[in-house]
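Open your viewer, switch to a cartoon view and keep the selection box handy. We'll go stop by stop, picking something and then looking at what is there.

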Amino acid sequence: MIIERSSQLPADPSAVFDWFSRPGAIVRLLPPWLPLKPIREAASLEDGTAVLGIPGGLRWIAKHQPLEFSENRRFVDQLEPEGLRGLPTRAIKWKHEHLFEPAGTGATTVSDRIESNVPRRRIEQMLAYRHRQLAADFAAHRSAAEAGLAPQVIAVTGSSGLVGEALCAFLSTGGHRVIKLVRRAPASPDERRWDPDNPAENLLEGCDAVIHLAGASIFGRFTQEHRQAVLKSRIGPTRSLALLASRSGVSTFVSASAIGIYGASTGPEAVEESDAQPAQSGDFLVEVVQGWEEAARAAGPDLRSVQIRTGVVLTPKGGMLAVLRPLFAAGVGGKLGSGQQRLSWIGLDDLLDIYLRALWDGQLSGPVNAVAPHMASNAEFTNALARALKRPAFIPVPEAAPKVLLGSQGARLLALADQWVIPRKLLDAGHVFRNERIEAELAHSLGAS
């Protein structure tokens with residue numbers, strides 16, 4: 001069985017081919033609903049080998065075929081005879097041809113041709129996702145280039161996290177060099193060891209910008225130990241890194257933040273960046289984010305600083321959606337409590353676009369709300385997720401249930417939060433979102449579109 005799909009990109013074949021050859025391409029194109037994780041990317045499109053991890057310790061090994069390679073026109077990868085380690089593979093067939101043909105001045109027809117006995121529907125879903133991703137990624141980087149963003153050297157903390165891994169792949173495929181700041185011995189020339197409490201004075205040498213994502217997970221019971229871990233991982237390291245960036249000639253310091261600064265309940269009206277935050281709320285997350293953002297601005301006016309106030313990030317690769325997806329797929333999902341609490345969310349790819357915009361849009365500074373323009377109630381989210389998975393959602397979850405896992409305070413601040421947040425700065429700047437509505441985001445990230 002042979003399945004093909006084609007689409008056009010507004011770039012010449014050599015530029016598109018270069019995109020595929022850069023680190024991160026496989027990360028950007030691998031559908032997030034598949035239980036696959038890149039272990040090693042192919043070092044060469046001509047004769048390299050890519051390795052993907054599969055649950056249970058299995059490996060999918062795909063070898064690029066040198067005899068079928070043509071620079072800027074074609075490359076081919078094929079499952080090796082023993083490519084699926086741990087399982088018999090004689091019955092599994094997979095050959096993937098990637099074709100690049102000129103389509104007039106400055107345009108390319110990108111085609112995928114897959115010969116396989118994997119079910120047709122699975123392959124069609126994968127190819128549809130790949131072509132959506134390609135078009136959207138090229139559009140985002142094209143907008144950045146047209147705004148004057150040249151290839152940069154960008155230092156990134158938290159590069160192994162959910163957002164960090166995707167962001168590094170997005171930036172590197174776009175032609176930027178990513179320097180990963182890690183807390184272990186560097187494993188490549190593009191890694192530098194970072195001591196969060198005392199960063200080396202030359203840590204950011206040669207870097208144009210810093211994106212700071214690192215921090216202990218907020219999810220969990222709000223014990224004293226958990227609170228200290230959250231605070232310690234954010235305030236001091238952020239301040240030290242921001243001050244170092246200002247001394248190192250870095251032009252832009254972009255730091256993660258959170259809409260938790262608006263409190264667990266934002267009230268009946270939507271809030272935006274200019275609205276005052278609670279002063280004496282007793283809300284731990286408000287206090288954390290206020291201190292976090294103050295630390296990010298420690299360098300003062302000498303450094304353009306942007307704080308990305310992120311809503312609930314939706315992707316089946318992690319976070320809330322990864323927890324709920326198997327429950328809903330099994331038909332045991334449902335709304336939480338009344339279902340009226342409001343969810344200010346953002347798709348993972350839209351979040352990456354916002355980080356990219358923070359690099360090139362010199363008018364952006366201070367806090368920026370990274371949420372979709374249209375929030376959804378918990379009931380609306382529940383119904384959209386059920387439709388995307390083609391499953392019923394009629395088993396409501398009592399409000400007391402999250403307290404078992406998170407405790408009373410954790411449940412109130414996380415699972416039961418009621419937040420209506422508007423991305424005012426982005427809307428005023430004319431920012432284009434990939435998916436503005438919850439239905440479109442879930443269809444895209446779960447392969448239902």
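How many salt bridges does the count come to? It comes to 24, where a salt bridge is a side-chain nitrogen of Lys or Arg within 4 Å of a carboxyl oxygen of Asp or Glu. Before we visit some of them, a word on what you're looking at. This is a predicted model, so local features need pLDDT of at least 70 and side-chain atom pairs count only at pLDDT 80 or more, while totals for chains, interfaces and linings use all residues. Residues are numbered from 1 along each chain as its sequence is written, and side-chain values use heavy atoms, with hydrogens and water left out.

**Stop 1: the whole chain**

Select everything. The protein chain has 13 helices and 18 strands; these are DSSP runs numbered from the N terminus, helices being H or I with at least four residues and strands being E with at least two. The radius of gyration of the protein chain is 22 Å, close to the 22 Å that the globule rule gives for 449 residues, so the chain is as compact as a globular protein of that length. (That radius is taken over C-alpha atoms, and the rule is 2.2 Å times the number of residues to the power 0.38.) Turn the model around: along its principal axes, the C-alpha trace spans about 70 × 55 × 40 Å.

Now colour by burial if your viewer can do it. Of the 449 residues, 51% count as buried. Here buried means under 20% relative accessible area, exposed means over 50%, and partly exposed is in between, using a 1.4 Å probe and protein chains only. As for contacts (heavy atoms within 4.5 Å), residues 24 or more positions apart account for 71% of those with a separation of 6 or more.

**Stop 2: E97 and R74**

Select E97 and R74 and show their side chains. They form a salt bridge, with the closest N and O atoms 2.6 Å apart. E97 sits in strand β6 (residues 94-102) and R74 in strand β5 (residues 74-85), so the pair ties together parts that are 23 residues apart in sequence. Are these two buried or exposed? E97 counts as buried, at 9% relative accessibility, whereas R74 is partly exposed at 22%.

While you're here, click on N72, in the loop between β4 (58-64) and β5. N72 isn't a glycine, but its phi is positive, at about 65°.

**Stop 3: R130 and D112**

Next, pick R130 and D112. This salt bridge has its closest N and O atoms 3.6 Å apart. It links distant parts of the chain, with R130 in helix α3 (residues 120-146) and D112 in strand β7 (residues 108-116), 18 residues apart. Both R130 and D112 are buried.

Stay on helix α3 and select L134, which lies there too. L134 has a relative accessible area of 3%, so it is buried. Which residues does L134 touch, leaving aside neighbours within four places in sequence? Light up L9, W19, F20, L29 and V110 to see them. Then try a distance: from L134 to D350, 216 residues along the chain, the C-alpha atoms are separated by 14 Å.

**Stop 4: R247 and E201**

Here's a pair with both partners exposed: R247 and E201. Their side chains meet in a salt bridge of 2.9 Å, N to O. R247 lies in helix α6 (residues 235-247) and E201 in the loop between β10 (191-193) and β11 (209-212), so the pair ties together parts 46 residues apart in sequence. For something bigger than a pair, select R28, D137, D349, D353 and R434: salt bridges that share partners join them into one network.

**Stop 5: L213 and K390**

Follow the chain to L213, in the loop between β11 and α5 (224-232). With 16% relative accessibility, L213 counts as buried. Leaving aside neighbours within four places in sequence, its contacts include V156, V163, L167, A256 and Y355. Now draw a line from L213 to N117: they are 96 residues apart in sequence and 41 Å apart in space, C-alpha to C-alpha.

Finish at K390, in the loop between α10 (378-389) and α11 (401-415). K390 is exposed, with a relative accessible area of 64%. Its phi is near 55°, a positive value in a residue other than glycine.
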